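Notebook open, coffee poured. I want to go through this one piece by piece and jot down what I look up.

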Amino acid sequence: MQLPRVEPVTIAIAGSDARFPVRRIFCVGQNYADHVREMGGDPTRPAPFFFTKPADAVVASGAELAFPSQTADLHHEVELVVALGRGGANVSVADAPSLVFGHAVGIDLTRRDLQAAAKQAGRPWDMAKGFDQSAPLGALVYGLPPAAGAIALSVNGEQRQAGDLAQMIWNVAEIIATLSTFVTLAGGDLIFTGTPAGVGPVRPGDRLCATLAGVTPLEIGFRG
Ligand code: MN
């Protein structure tokens with residue numbers, strides 16, 4: 001048998017022909033107080049916690065996705081995503097912004113029913129979060145994201161999520177600094193930074209539009 005060919009995963013950069021290579025995808029859980037409350041949690045600034053998705057979970061804006069298998073409750077979570085241009089371990093909050101290459105809007109697609117069952121059983125979230133095409137992502141914009149700015153998601157033209165980056169419990173620098181105490185970060189790493197309130201179900205045939213101040217909207221559809 002021949003060795004398999006593994007294609008590198010890359011994402012578009014707005015206004016450039018260059019493409020950003022994706023190394024790993026980290027995600028922050030429950031980083032907006034109103035979303036923590038809707039999930040039944042306590043929003044009093046517990047330390048951020050992390051989970052991952054495989055790099056090839058990324059899908060670009062404009063994609064028509066197959067509806068995921070093994071779920072009857074797929075949810076949308078619109079999120080600010082930061083892309084790291086370089087890495088480090090035990091990065092200070094002061095140095096963390098210098099690691100950021102760019103930012104984009106993304107959707108952390110979640111099999112909510114599998115996640116709830118995993119929470120109940122004390123089992124890992126991987127199959128609830130890290131499935132095929134679970135990380136739709138818009139084009140990267142160079143530089144740091146703003147500290148405040150509207151973030152929203154609509155389904156079939158109807159607004160479902162609306163928040164502001166200023167509502168994040170942990171800001172981008174704090175997230176990078178904390179994550180870098182668990183793993184040595186590297187250029188190519190993406191970080192999904194959590195979702196505001198209003199998460200909800202996605203059905204076959206739905207069209208999703210995710211927006212974030214200053215970046216190109218992300219639009220995806222699900223086959224009916
Ligand atoms: Mn999320």
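Started with the salt bridge between E7 and R5, where the closest N and O atoms are 3.3 Å apart. This is a predicted model, so I keep in mind that all of this is computed. I checked how open the two partners are: E7 counts as exposed at 53% relative accessibility, and R5 counts as exposed too, at 75%.

How many salt bridges does the structure hold? I get 8.

Next I looked up R24, which forms a salt bridge with D189; the closest N and O atoms there are 2.8 Å apart. This pair links distant parts of the chain, 165 residues apart. R24 sits in the loop between β2 (19-21) and β3, and D189 in the loop between α4 (172-179) and β15 (190-192). Is D189 buried or exposed? D189 is buried, because its relative accessible area of 0% falls under the 20% cut-off. R24 is partly exposed, at 25%.

Then on to E77. I find it in a salt bridge with R112, with 2.8 Å between the closest N and O atoms. E77 lies in the loop between β7 and β8 (78-84) and R112 in helix α2, so the pair ties together parts that are 35 residues apart in sequence. Both E77 and R112 are buried. I also followed the shared partners: salt bridges join K53, E77, D108, R112 and K129 into one network.

E77 came up again when I turned to the metal. Which residues coordinate the manganese ion? My list is E77 (OE), E79 (OE) and D108 (OD), at 2.0 to 2.2 Å. Along the chain, these donors follow the spacing E-x1-E-x28-D. I looked up burial for the two glutamates: E77 has a relative accessible area of 4% and is buried, and E79 is buried at 1%.

Cavities were next. I count 1 cavity of 30 Å³ or more, with about 80 Å³ of space in the largest cavity. It has 17 lining residues, and the closest to its centre are G29, Q30, H35, E77 and K129. β3 (25-29), β4 (49-53) and α2 (112-121) each give two or more residues to the lining, with the largest share, 3 residues, coming from α2. By class I have 5 nonpolar, 6 polar and 6 charged residues in that lining.

For the largest pocket I noted about 190 Å³ of space. Its lining includes L80, P97, L144, M168 and N171. The class split there is 11 nonpolar, 1 polar and no charged residues.

Last, the sheets. One open sheet has 3 strands in the order β10-β7-β16, with antiparallel pairing. β10 (110-111) and β16 (200-201) are its edge strands, each pairing on one side only. I see 2 bridges joining β7 (residues 74-76) to β10, and the bridge partner of L74 in β10 is R111.

Another open sheet has 5 strands, in the order β6-β18-β17-β13-β14, and the pairing is mixed. β6 (64-65) and β14 (158-164) stand at the edges with a single partner strand each, so one side of each is left without a neighbour in the sheet. Inside that sheet, I found 4 bridges joining β17 (residues 207-212) to β18 (residues 218-222), which run antiparallel. L208 has I220 in β18 as its bridge partner.

Key
Residues numbered from 1 in each chain as written. Predicted model: local features only at pLDDT ≥ 70, side-chain atom pairs only at ≥ 80, totals over all residues. Heavy atoms only, no water. Pairing = 2+ DSSP bridges. 1 Å grid on protein atoms, 1.4 Å probe; cavity = no way out; pocket = protein on both sides within 12 Å on 5 of 7 lines; lining within 4 Å. Points joined across faces, edges and corners; volume = space filled by probe spheres on them. Nonpolar A, V, L, I, M, F, W, Y, C, P; charged D, E, K, R; others polar. Donors = N, O, S within 2.8 Å, 3.2 Å for Na, K, Ca; no water. Buried < 20%, exposed > 50% of the residue type's maximum accessible area, 1.4 Å probe, protein only. Salt bridge = Lys/Arg side-chain N within 4 Å of Asp/Glu carboxyl O.
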